[in-house]
Amino acid sequence: MRAYEIGPEFGLDRLRLSERPVPEPGPREVVVRVHAVALNYRDLLVIEGVYHPKLALPRVPGSDGVGEVVAVGPLVTSVRIGERVTGTVLQDWSDGPLTAEAARTGLGGNLDGVLSEYAVFREDGLVPVPSHLTDEEAACLPCAGVTAWSALLDPPNGLVPLRAGERVLILGTGGVSLFALQFAKIAGAVAIVTSSSDEKLARARALGADVTINYRTHPDWDRLVREATGGVGADVVVEVGGAGTLPVSTRAVRHAGRIALIGVLASQEAQSFNPLPAMMKGVTIQGVFIGSRAAFRRMNAAISGAAMHPVVDRVFSFDDVPQALHYLKSGAHFGKVVIRLTPDHHSSKRSV
Ligand SMILES: NC(=O)c1ccc[n+]([C@@H]2O[C@H](COP(=O)([O-])OP(=O)(O)OC[C@H]3O[C@@H](n4cnc5c(N)ncnc54)[C@H](OP(=O)(O)O)[C@@H]3O)[C@@H](O)[C@H]2O)c1
């Protein structure tokens with residue numbers, strides 16, 4: 001089978017397509033023929049050696065794949081051959097709080113990932129795919145979807161979920177952010193979306209964004225957020241920028257508001273962070289690391305209930321994975337960038 005590999009050195013332009021044997025499942029493992037893979041900013045960080053500089057190489061990147069079960073280990077009882085499944089990014093996080101052990105079981109990180117014609121999953125690291133989604137749409141769920149879901153509606157540490165009528169500030173229009181916009185609308189919240197592009201902001205309004213702000217033409221976007229909220233500030237911030245945006249997000253959030261700390265997109269614009277304003281506003285800053293399999297299942301139920309479709313920006317072929325990663329890196333996308341591995345395979349509607 002063909003698989004992309006990072007190694008022997010990190011680097012987007014060093015990613016190579018190699019031949020590997022089709023994997024055999026271990027006793028509690030499942031082998032899946034991969035039909036579609038969604039890319040994440042995390043994949044760029046892993047491939048470039050930023051995320052895990054000491055990662056053992058070679059490694060197959062990619063965390064989000066959908067496919068059909070083709071082989072199961074002798075002790076597997078909950079998954080059948082032929083079922084359409086996707087994997088949890090953290091293979092060993094079934095439920096409850098995140099543990100150090102579960103955090104080390106990331107697909108396309110410490111474990112080989114899904115940019116491969118066949119991939120191995122742990123039996124407990126699989127979930128059914130909502131039946132109304134195509135393979136390309138379902139592939140968007142594991143990382144971007146579950147992260148936005150955990151941040152807003154299913155926080156793992158007993159924090160308050162987003163309530164109807166609350167105002168949520170969402171930074172940018174990448175994968176996590178558009179899931180956050182869609183979940184905010186399902187929850188009946190008011191969505192404030194920022195982007196570097198007026199054209200993308202128009203598309204965000206079409207998806208339900210109530211207030212839109214161009215953060216390039218308005219570097220003081222925190223002021224516009226306060227203006228849009230009657231001087232109060234946002235109740236919740238989906239913080240995907242990290243060190244480059246956290247000081248501004250802290251000015252944009254209300255007293256006793258919540259900031260879901262998710263990403264590092266604006267690292268190159270890093271500012272020093274003075275914790276005093278966050279402290280004196282009584283802000284809760286909550287780190288979010290994807291989510292458990294139980295949260296993934298609850299998210300899928302909500303997505304099915306709302307007949308929600310993830311926003312797929314563009315689909316590339318398996319041969320064009322390097323071009324797709326460069327496209328993702330350019331930030332030109334709106335939503336998710338997806339790889340189709342099996343062009344002859346119908347967009348399956350089956351689910352387990
Ligand atoms: N903690 C976790 O569990 C977790 C899970 C998933 C992702 N992440 C992290 O979350 C971040 C988002 O991931 P993703 O896969 O959704 O990324 P993505 O799809 O690549 O997002 C790209 C978009 O981010 C926006 N952006 C870039 N710089 C920005 C800035 N300075 N201010 C506001 N928006 C900015 C841009 O939107 P516009 O073009 O509209 O300006 C850009 O198109 C990444 O840092 C990723 O590593 C963390």
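I began with Pro58, which in this predicted model lies in the loop between helix H1 (41-47) and strand E4 (64-72). Checking the bond before Pro58, I found that a cis peptide bond joins Leu57 and Pro58, with omega about 5°. I then turned to Pro8, where the peptide bond from Gly7 is also cis, with omega near 10°; Pro8 lies in the loop between strand E1 (2-5) and strand E2 (16-19).

Next I looked up positive phi values outside glycine. Ala256 has a phi of about 60°, and I located Ala256 in strand E12 (residues 253-261), where Ala256 is partly exposed, with a relative accessible area of 47%. For Ala307 I noted a phi near 50°; Ala307 lies in the loop between helix H10 (293-305) and strand E14 (312-317) and is partly exposed, its relative accessible area being 47%.

I then searched the whole structure for aromatic pairs and obtained 4. One of them is formed by Trp149 and Phe183, which meet edge-to-face at 5.4 Å centre to centre with 70° between the planes. Because Trp149 lies in helix H4 (residues 141-152) and Phe183 in helix H5 (residues 175-186), this pair ties together parts that are 34 residues apart in sequence. I asked myself whether Trp149 is buried or exposed: at 9% relative accessibility, which is under 20%, Trp149 counts as buried. Phe183, at 1%, likewise counts as buried. Following the ring pairs further, I found that they link Trp149, Phe179 and Phe183 into a cluster.

My last entry concerns Arg314, whose charged end sits over the ring of Tyr327, 4.7 Å from the ring centre.

Terms used:
Residues numbered from 1 in each chain as written. Predicted model: local features only at pLDDT ≥ 70, side-chain atom pairs only at ≥ 80, totals over all residues. Heavy atoms only, no water. Phe/Tyr/Trp six-rings, centres within 6.5 Å; stacked < 30°, edge-to-face > 60°. Helix = DSSP H or I, 4+ residues; strand = E, 2+ residues; numbered from the N terminus. Buried < 20%, exposed > 50% of the residue type's maximum accessible area, 1.4 Å probe, protein only. Lys NZ or Arg CZ within 6 Å of the ring centre and 35° of its normal.
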